[in-house]
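Q: Here are some questions about how the descriptive terms for a structure follow from its values.
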Amino acid sequence: MTALALHTARLRLEPYTPADEEEFVALFQDTRVSRWMGEGPMTEAEDRALFKRIFSKVYAQDLFDVWAVRHEGRFVGHAEIKPSSDVGGHEIVYALAAAAWGQGFGTEIARALTEYGFDTLGLAEVHATVAPGNAASLALLGRIGFRHVRDMVEEDGSTTRVLARSAAFDTTADTDRDPAGAGQPR
């Protein structure tokens, strides 16, 4: 089983296909993007192995939802929502190609993932983890109702911010601005 397709005003989040491998690898090989993701930049071989695990493990075992993000049919990013023991709940993760920064896509993706968590998965709270230096993502998530919950100290001594948004948050406080470069929670 794979994730259901999601739509925003301008984006389509749909399950990956094997044909997406080159664009996925290119996205995660761009250090402007991958520096904010997980453990940071990986080798091309590791990114290819990660892509293959989307099919052989994540989709095959229905572990969590993961999507390719497209704008006007063009691949512009990656999105997922998954259980995380680090946050004690479900975490949203998204990455945008640098060419797609500053267009409000990060806000659309984060909102879509959060709403999917509440409406489809029935969650009472959705989390995100962000490196303190990723000011654009911290601001974006703050605008859509995520609040700082705590900091986690990583194995390498760095800190990661844990943010959460409750299903009860008043969405009328949202704004549509998305600063240039926003869009990749860590």
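A: Buried means a relative accessible area under 20%, exposed means over 50%, and partly exposed lies in between, with a 1.4 Å probe and protein chains only. This is a predicted model, in which local features need pLDDT of at least 70, side-chain atom pairs count only at pLDDT 80 or more, and totals for chains, interfaces and linings use all residues. Residues are numbered from 1 along each chain as its sequence is written, and side-chain values use heavy atoms, with hydrogens and water left out.

Q: Why is Asp 20 called buried or exposed?
A: The relative accessible area of Asp 20 is 4%, and buried means under 20%, so Asp 20 is buried.

Q: What makes the pair of Phe 24 and Phe 28 stacked, tilted or edge-to-face?
A: Rings of Phe, Tyr and Trp (its six-membered ring) pair if their centres lie within 6.5 Å, and planes under 30 degrees apart count as stacked, over 60 as edge-to-face and the rest as tilted. The ring centres of Phe 24 and Phe 28 are 4.7 Å apart with the planes at 50°, so this pair is tilted. Both residues, Phe 24 and Phe 28, are buried.

Q: What describes the aromatic pair of Phe 55 and Tyr 59?
A: For Phe 55 and Tyr 59 the centres lie 5.6 Å apart and the planes meet at 85°, which is edge-to-face.

Q: Why does Phe 55 count as buried, partly exposed or exposed, and how does Tyr 59 count?
A: Phe 55 has 25% relative accessibility and therefore counts as partly exposed, whereas Tyr 59, at 4%, counts as buried.
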